[in-house]
Structure formats: C-alpha cells, structure tokens
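Please open the structure in your viewer and follow the stops below in order, selecting each part as it is named.

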Amino acid sequence: MGDTQDKPVGQGGPSPRRRFLREAAGVAGGACLLSLGVGLYAKQASALPAIALRPPGALAEADFLAACVRCGLCVRDCPYDTLKLAELGDGVATGTPYFNARQIACEMCEDIPCVAACPTGALDRSLTDIGKARMGLAVLIDHETCLNFLGLRCDVCYRVCPVIDKAITLERQHNPRSDRHAMLLPTVHSDYCTGCGKCEKSCVLPGEAAIKVLPLKLAQGSQAEHYRKGWEEKEAAGQSLIGEQLELPVRGLEGRSYGDTRVAPGQGPAPAAPVQPGSGLDSGWKP
Amino acid sequence: MSAAASPRAARPRVGADAIAGKGWLGAHKWLLLRRLSQLGILALFLAGPWFGLWIVKGNLSSSLTLDVLPLTDPFLLAQSFATGTLPYKEALIGAGIVVAFYLFVGGRVFCSWVCPMNLVTDAAAWLRRRLGLKGGKIPSADTRYWLLGFMLIAAFATGSLAWEWVNPVSMLHRGLIFGFGLAWGIVGGVFLYDLLIATRGWCGHICPMGAFYSLLGAAALVRVSAAQRSACDDCMDCFAVCPEPQVIRPALKAAGQDHPVILDRNCTNCGRCVDVCGKNVFRITTRFDRSES
C-alpha cells in the first residue's frame with residue numbers, strides 16, 4: 001500500500017522509540033498546522049453579511065456559531081420556506097440557517113416552529129412571544145428613492161408591517177418642495193420592530209428596497225449613556241432640574257405656546273408681492 | 001464492479017477467486033448490503049424534500065425521525081461542549097442514542113454503513129485500483145487522532161464549531177439534502193486526494209470524525225473474525241480491498257495476538273474481506289467468539 005506506517009518497527013535504523021517520537025512530532029505538527037488554518041479560517045469567515053438575517057430567537061452571532069450544528073431542522077419546520085441553510089459560497093457560515101428578507105420575509109408565526117425545532121438552543125426557547133424577536137431592525141435607508149419621501153402616498157411598508165403603528169409609524173412633515181402638501185414619512189421604532197422583513201419584501205421599488213432590515217449592530221448606534229435627556233429627567237423629577245426658563249415673546253408669534261414657531265398658510269410675514277394668477281404652485285412665500 | 005478480469009492487470013482481478021467460488025452475488029453480499037444501507041439512509045432523508053414524505057428531518061448532524069426520535073452526531077456535540085455551549089436535552093439524548101448504538105456495533109460502522117463520503121472514497125479507491133495508480137504521499141494513520149484533538153482545541157479557542165467550516169462529510173450529506181453551493185469542490189477534492197495522492201487517505205488517515213468513531217467503537221461487540229485463517233492462501237485480496245488494511249494482519253497472521261478476531265478499533269466492519277475471500281476465511285461475529293473453525 002506504500003504506507004510506511006504499517007511496517008513493523010524496530011528492524012534496524014533508529015530505535016523504535018526515537019522513530020516513534022519523530023513520526024509523532026511530524027504528524028502532530030501537520031495536524032496542528034491544519035487545525036490552525038481551519039481555526040483562523042473559521043474566525044476570519046464568521047462575519048455575517050448584512051442581508052443575511054438569522055431566525056427568530058437566534059443567539060448572538062458568536063454564540064450562535066458555537067451552538068448551531070447545522071442540521072436544518074428549523075428550515076424544515078418553517079411553514080413559509082423563509083429559512084434556508086447557507087451553502088458554501090453564500091458568505092454565511094456554511095450550513096447555518098438564515099433568510100433574505102427581500103426574497104422571503106419571516107411571517108412571525110405565533111408558535112415559532114423554528115425555535116421549537118432547534119435541538120441545541122442555537123435558537124433560544126426563552127423566546128415565546130414572536131413580538132419580542134429581534135432578527136434585525138428595519139431602516140428606511142434610501143430617502144432619495146422612497147416614494148413617501150418623494151411626497152407620494154405609497155405607505156406599503158407601513159401597511160404590511162405586522163406591528164403596524166408601533167414598529168412603523170407615518171410621521172407627518174411639511175413638504176417644502178410643493179409647500180402645500182404633507183409628506184408622511186415611514187419611521188421605524190426599534191422598541192417594536194422584530195426585523196421580520198415584511199417591509200423590505202414589500203417595498204414597491206424594482207430591485208433593491210428603500211427600506212431594509214439590517215443586523216441590529218449595523219442599524220443602531222450605541223446609546224450615549226452619559227447624556228441626560230432633559231425632557232426625560234424633567235418627567236422623572238416632576239419638574240425641570242434647572243428651574244423654569246425665562247420665556248421671551250417672539251414677534252409675530254404672540255399668543256402661541258412657547259417654542260412653537262410653525263407657520264401655517266396665511267400666517268407669518270405678508271408676501272412681498274401679491275400672487276399673480278396662473279403662477280402655478282408657487283405660493284410666493286419667501287422665508 | 002464487473003466480474004470480467006481486467007485486461008490491464010497481469011494477475012486476476014481482486015476477488016476473482018471468490019466470484020468463481022461463491023458467484024457474483026455471494027462475493028458482493030456485504031458490499032451490496034452496505035450500499036443498500038448507505039443509499040437507504042440517504043433516501044430516508046431525501047424522501048421529505050423530494051416527495052414530501054417526512055420520515056426523517058434534518059441531516060446526519062442532527063435529525064428527527066417520525067417526529068419522536070432525535071439523533072445527533074456526538075463528535076459535533078463534543079465540539080459544541082468544547083466551545084462552552086450546553087445544548088438542549090434533545091441534542092443530548094440524540095447523541096446518547098448514537099453513542100450507545102456505535103458502542104455496540106462498532107464506531108466505524110458509521111463510516112462504512114452510513115457516511116455518504118464512503119461512496120466517494122470507495123469510488124476513488126476502486127478507480128485507483130483499476131487504473132493501477134501507485135505512489136503518492138500518505139500521511140500517518142495517526143494524523144486523524146491528532147486532528148481530532150486539535151479540532152476540539154480549535155473549537156475551544158475560536159468559540160465556534162471550527163471543523164464544520166471545512167468538514168467535507170457534513171457538507172456532502174447536507175449538500176445532497178439542502179443544496180451544495182460550492183461544497184462540490186471540497187467533496188471533489190477528497191475524491192482526487194484519495195485517487196491521486198493517498199490511497200484511502202481521507203477516511204483512513206485524516207478524517208477526525210472517523211477517528212472519533214474509532215475511539216467510540218474500541219470495545220464494540222460486533223467484530224470480524226479470520227476464523228478460518230488456516231485456509232488462507234495468501235492471495236492478498238482482503239488487503240487490497242480493506243479500507244484499513246493494517247487491522248487484518250494481527251488476526252490473520254497471529255501477529256501479536258493468538259485469537260483470530262480483528263479487535264483493532266479502526267476496523268469498519270464493512271465486511272468486504274468476507275466478500276472477496278475465496279477461502280471463506282472471514283466471518284462477522286462477536287468479539288468474544290474466538291473459535292477457529
């Protein structure tokens with residue numbers, strides 16, 4: 001067989017013990033090098049691409065990679081074929097479950113079958129309320145293409161959100177372009193967003209969505225713990241911590257509550273020139 | 001394998017005597033049973049995704065049969081322990097059942113009767129024999145044990161199942177059931193390695209999963225015995241087909257032991273030696289059956 005290891009030892013040459021030690025050192029060295037390579041590769045490749053979302057209840061990525069045995073039982077019990085196992089070349093740790101929200105979003109089953117199926121605890125069974133899942137966080141990432149930001153009433157991401165009016169609200173803002181319309185801006189609230197991806201899946205834009213579910217780490221800034229929010233402190237203490245502030249009148253805005261500088265049509269300084277008929281949408285208002 | 005003698009080989013094909021004596025079926029009995037076992041297990045896993053017949057879910061890493069029987073790869077769980085993770089009881093019970101089974105029938109039975117990679121490396125070994133390829137560079141057969149140890153250390157050091165990043169065995173099985181991606185390349189690499197570089201290189205020398213099962217089956221009940229070794233005519237056919245040829249000699253030639261039972265933990269109980277022996281030297285029995293007859 002050409003395998004020198006199989007020959008009986010101790011026939012001439014170096015002593016059996018020395019021969020054994022030399023062979024063992026060589027074998028151990030080779031195996032150690034190979035292990036080192038594998039270990040470094042595993043460490044290097046364990047970054048999760050931003051579009052790959054883990055199933056609900058997944059442990060933090062490092063713990064997840066230690067616990068997940070890549071059996072695919074969560075994939076099998078997902079009724080909507082949302083989950084899939086990463087194949088070599090997907091950029092996700094081979095064999096681990098993930099989903100791409102733009103392709104198939106999580107339907108947020110109430111009984112969370114994927115978590116129930118996991119034999120190892122890579123998906124944590126302490127998650128019993130799917131509303132508390134944090135698969136990621138939706139971010140309205142592109143303000144240039146989002147139709148609501150263009151002043152239209154698309155609202156699809158808001159409408160499809162399973163936690164509508166909590167995870168995504170429509171915030172009314174003045175549309176400075178037309179100056180006579182409102183923009184209703186879809187706004188995500190991390191307290192309620194589960195990262196299911198329905199908004200990203202449903203975004204009507206062709207190709208890439210304007211709203212995307214990103215891993216929490218990418219989507220969220222860290223809390224600035226050393227900052228005190230005055231309004232929260234005030235509410236907690238029942239009064240302002242620095243005493244009442246002096247309120248000075250603002251010319252032209254008398255009779256408004258302090259700090260309210262919003263200008264409604266007809267208010268504010270009079271236009272410099274009367275509006276000419278047929279001048280289109282231009283209201284003539286100049287700040 | 002056909003019964004016709006190879007025009008390339010000067011001497012008769014391996015197993016020609018056995019085929020002449022027992023007929024083709026008789027000389028391939030255990031091989032056929034083994035293929036049936038390997039493909040049958042694969043079919044059970046594939047029946048779900050292919051035909052909607054959900055008998056077994058998951059893959060060899062961890063599975064659930066008929067929604068009640070959990071089975072988990074104990075080597076994988078050992079790595080998981082090394083990372084400091086304590087899995088749920090389903091995985092622990094599953095691994096316990098697997099360990100108990102292989103303690104009884106022999107750990108390497110997994111390699112020869114279950115593991116899908118066996119089909120690949122057997123094909124490579126067969127082709128190598130047919131093409132008469134010689135030479136190459138074979139690593140020590142102990143490499144796998146070192147690799148087993150270092151992989152557990154790597155799991156501990158990296159905090160992740162390091163071996164699973166490259167494990168061709170789980171990639172092959174998972175790939176067949178869930179989709180391959182580029183894992184074909186790794187499986188193809190194992191085939192070419194066994195074919196061109198090292199005879200039985202992967203399963204017999206490197207695979208730490210096999211090493212784990214070797215250790216598991218060190219005291220297994222089911223073993224192969226060269227009970228009729230007095231009839232051996234030194235045709236060497238058993239050495240040619242055996243995936244771990246070093247295990248045969250002590251039993252067949254009474255080298256270092258008196259009894260004819262192959263007790264080496266690396267014997268995979270594949271039964272191929274039983275098949276190819278024209279003199280019916282071997283039989284599958286228990287480790288306590290040390291009779292010579």
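Select chain B and show its surface: about 12,100 Å² of chain B is exposed, and 68% of that area is supplied by carbon and sulfur atoms. Keep in mind throughout that this is a predicted model, for which the predictor gives the complex an ipTM of 0.80 and a pTM of 0.76.

Next, switch chain B to a cartoon view, where 14 helices and 5 strands can be followed. The radius of gyration of chain B is 20 Å, close to the 19 Å that the globule rule gives for 293 residues, so chain B is as compact as a globular protein of that length. Along the principal axes, the C-alpha atoms of chain B fill a box of roughly 55 × 40 × 40 Å, and 54% of the 293 residues count as buried. Of the contacts in chain B with a separation of 6 or more, 72% are between residues 24 or more positions apart.

Now select B:Leu66, B:Val68, B:Leu69, B:Ile93 and B:Ile97, which together make a nonpolar surface patch of about 450 Å². Within this selection, centre on B:Leu69, which is found in strand 3 (residues 69–72) of chain B; B:Leu69 has a relative accessible area of 34% and is therefore partly exposed.

Finally, colour chain B by pLDDT, which averages 84, with 96% of the residues scoring at least 70. Then select residues 1–9 of chain B, over which pLDDT stays under 50 and for which the model has 17 contacts beyond four places in sequence. Where pLDDT is low, the predicted coordinates should not be read in detail.

Technical notes: Residues numbered from 1 in each chain as written. Chains lettered and ligands numbered in written order. Predicted model: local features only at pLDDT ≥ 70, side-chain atom pairs only at ≥ 80, totals over all residues. Heavy atoms only, no water. Patch = residues over 30% accessible without salt bridge, like charges linked within 9 Å, V, L, I, M, F, W, Y side chains within 5 Å. Areas by Shrake-Rupley, 256 points an atom, 1.4 Å probe, with all protein chains shown as cover. Salt bridge = Lys/Arg side-chain N within 4 Å of Asp/Glu carboxyl O. Helix = DSSP H or I, 4+ residues; strand = E, 2+ residues; numbered from the N terminus. Buried < 20%, exposed > 50% of the residue type's maximum accessible area, 1.4 Å probe, protein only. Rg over C-alpha atoms; globule rule 2.2 N^0.38 Å. Contact = heavy atoms within 4.5 Å. pLDDT = per-residue confidence, 0-100.
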